[in-house]
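Here are my notes for your first look through this one. Keep the viewer open and follow along point by point.

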Amino acid sequence: MAAAAAGLSWRRVSSFTGPVPRSRHGHRAVAIRELLIIFGGGNEGIADELHVYNTVTNQWFLPAVRGDIPPGCAAHGFVCDGTRILVFGGMVEYGRYSNDLYELQASRWLWKKVKPQAPSNGSPPCPRLGHSFSLYGNKCYLFGGLANESEDSNNNVPRYLNDFYELELQHGSGVVGWSIPVTKGILPSPRESHTAIVYCRKDVGSPKMYIFGGMCGCRLNDLWELDIETMTWSRPETKGTVPLPRSLHTANVIGNKMYVFGGWVPQSAGGEISAPDGEWKCTGSFSYLNLDTTEWIGLISDCQEDKSNLLPGPRAGHCAVAVGTRLYIWSGRDGYRKAWNNQVCCKDLWYLDTERPLAPSQVQLIRATTNSFQLKWDEVPTVEGYLLQLHADPPVPPVAGNPGTGIPETSVLSSQGGCSLHQSPQSLPSVPYPEMKVDHPSQTNNLIPNNVQVALSSSSKVEGKEKVAAPENKVTQETMKNHADATGFKESNAPSLLPVCTSSAQTSTNVGELHDLDKQSVNPDASVSCTVSSTQNMVTQQAVKTESSSTNGAVVKDETSLTTFNSKSEAAETAYVMPSTRVSTGQTNDSHSSRAPQRPPAPVKTRDRRWYDVGIFKNNTAVVSQFYLLPEETMNINSKTEGADVPDYRLLKKQDLFPGTVYRFRVAAINGCGVGPFSKISEFKTCIPGFPGAPSTVKITKSVDCIHLSWEPPASPSGNILEYSAYLAIRSTQLQENPSQLVFMRIYCGLKTSCIVTAAQLSNAHVDYTSRPAIVFRISAKNERGYGPATQVRWLQDMKTSGSK
């Protein structure tokens, strides 16, 4: 098979919903996060609609655009800067070309015609089509194209161009004007329907623009480089087999590679390429140029094209868009039939994963019971599923609490983890869990159901982010369960904060994030809603995010007694990159496929540590109550060889989770290239019966000189609640010496389910930057057995100058 020979796994999208655009060629597309935005093109007339495809929900929709809506055009310039898109030139009707410039604010689907200043040293760009229009920084670079020498559009006199312009953009919206840069070296020859990309090597840092191919009476396959800093043109020497001359192809940068697909190529006969006026054909050939080594690598050659439907068919004038490391290709014409004098356009949508996925974020705890966990992790873009594994430590027997011992005057969290007994600080037992450093990526809620709107980044009221709105101005909500009876929450870096308890090794939290708004709430027992603003930018509530952190600790008695936590970083467990495999992940959240992908053995450190599969999950949540035991012949993981077949899940025995037991979790993402590296490790403990759950429905009401913190009792108090304690993370010199060490101050102890946090207390608060800037509170309940797990709330702060570290 050609696909197998190429080592590629193209996937054709076979099921989608919404108004599918008619097939076409000469259209253009860009990506804003998971959205493909397509404009223009021609097929039985020039298209003027703006179509959007959501790659996550497989849904097409037509946004309700407004403003200075441009006419339909084809072979135009189309670039994306954040959430704004710029359109320049193109063919508006046969023989009539444009040099108009339009801006689309995708956050509002608002079009605006912009009029840049003419260059001081020449004329503005003439009307044209087939030019390249590339963005780098705050400038767009226009090169070449095809102009009509005749003023009569019915009398088309083509003129190939090689002029070069720079368009300076204003921040956010609008443009400054055109300029004609003074360049060194030899300018590329005139051409149209070429490609241009901009790439900046990480180690060198000098941005380069690469122009490849195009048409100028005959098709070209020359490569040109422009050093944008010195404005010097050159012809780089390349290695490998240069692709055939072509035009109307696509070029996309993913990582350090420029992927070139399709286009018109000369018809070859007996190895000889035809003359300029000879026959030509569409191609489905696929190559990439390593931009660091300038070596061409052929992935699919013309002779490898097959009719097996495993590869995209030959085409030209299509669009290709990179979403993360995934390349999408849509439509284009698949040939020119002279006898019929017509063109045939493809109707298919394909994607290719070019690299294995990145490691997901650490697994986060939403809810724990005595024999199950509800877990989540941040989504990884463009993946097909997730492999979740656990490692089980020997069960830890519950230790009886010591009611009536009270709270020590001062206490320090053990650097080795665990949760201290309420005894004197000199005798604080702990469970020796290794601690690890972890970053906590921010939660994004950006799926677009039918006729609902989604938020995309740029600048607006929720965290200064602009929204990209789908039609009808409805509001989308993502609900996350964040239950209160979790005990056993141990992870790292973001230090964690007091889970006050009187039984050893109770380590858990429920973590939410709140925006700095007048009223907000976290409801760990029920649900926490994220209401994304409408197009009027009215924000009602910000995302509440479960986030993992260590919860080792003891309590302190008053505001002068401090609790500290020291998180020592440890190298993450070794994670293997898996061989290429295809995984079926058509299950619901809580089910997993019966066949696992091929993958090498679990990593082994100095001590024997077995990792067991929980399963393969389609989405980024999982309810875990069991895991698969390895068959006897594979119990010695040192004997497993890389790439060995994973046993059929249906043939493996399952093991239930035990109460009061520490489990370690890691997760890896799966795409068409295989299984990626595992996340850093999280560690959680199942509940010990008899202790109270965590308080729920935390609310923060802001007033002029203080805030009001309130909560509801645990859903599972396991007896009478004797008191609550609330804590605030504060600034400390210990934080300056060790940024991973948080210091907490108790700000309330009593029977009431609310307290006032004064301006003086808040002025001393530490702003945590482990994800988004936030002030951290923790609240826990005590019954006759002692303190249970705490609910942690990260109150998001609107700091324009701050950002996630």
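The points below go from the whole chain to one sheet and then to one pocket.

1. First, a caution: this is a predicted model. The protein chain has 805 residues, and 57% of them count as buried. For secondary structure, you'll find three helices and 58 strands, so expect to spend your time on strands.

2. Now the contacts. Take those in the protein chain with a separation of 6 or more: 68% of them come from residues 24 or more positions apart. As for the outside, the accessible surface is about 31,600 Å², and carbon and sulfur atoms hold 50% of that.

3. Have a look at the open sheet of four strands, with the order 15-16-17-18 and antiparallel pairing. Why do strand 15 (195–200) and strand 18 (232–234) each have one side without a neighbour in the sheet? They stand at the edges with a single partner strand each, so there is nothing from the sheet on that other side. From one strand to the next, the twist averages 25°.

4. Zoom in on strand 15 and its partner, strand 16 (residues 207–215): the two run antiparallel and are joined by six bridges. Find A196 and you'll see I211 of strand 16 standing opposite.

5. A196 turns up again in the second largest pocket, where A196, F78, I197, A251 and N252 lie nearest the centre among 36 lining residues. The volume of this pocket is about 1,000 Å³. Elements giving two or more residues to the lining include strand 15, strand 7 (77–81) and strand 20 (250–254). Which strand gives the most? That's strand 11, with five residues.

Technical notes. Residues numbered from 1 in each chain as written. Predicted model: local features only at pLDDT ≥ 70, side-chain atom pairs only at ≥ 80, totals over all residues. Heavy atoms only, no water. Pairing = 2+ DSSP bridges. Axes fitted to C-alpha atoms, helices over the stretch in contact; angles between N-to-C directions. Buried < 20%, exposed > 50% of the residue type's maximum accessible area, 1.4 Å probe, protein only. Contact = heavy atoms within 4.5 Å. Areas by Shrake-Rupley, 256 points an atom, 1.4 Å probe, with all protein chains shown as cover. 1 Å grid on protein atoms, 1.4 Å probe; cavity = no way out; pocket = protein on both sides within 12 Å on 5 of 7 lines; lining within 4 Å. Points joined across faces, edges and corners; volume = space filled by probe spheres on them.
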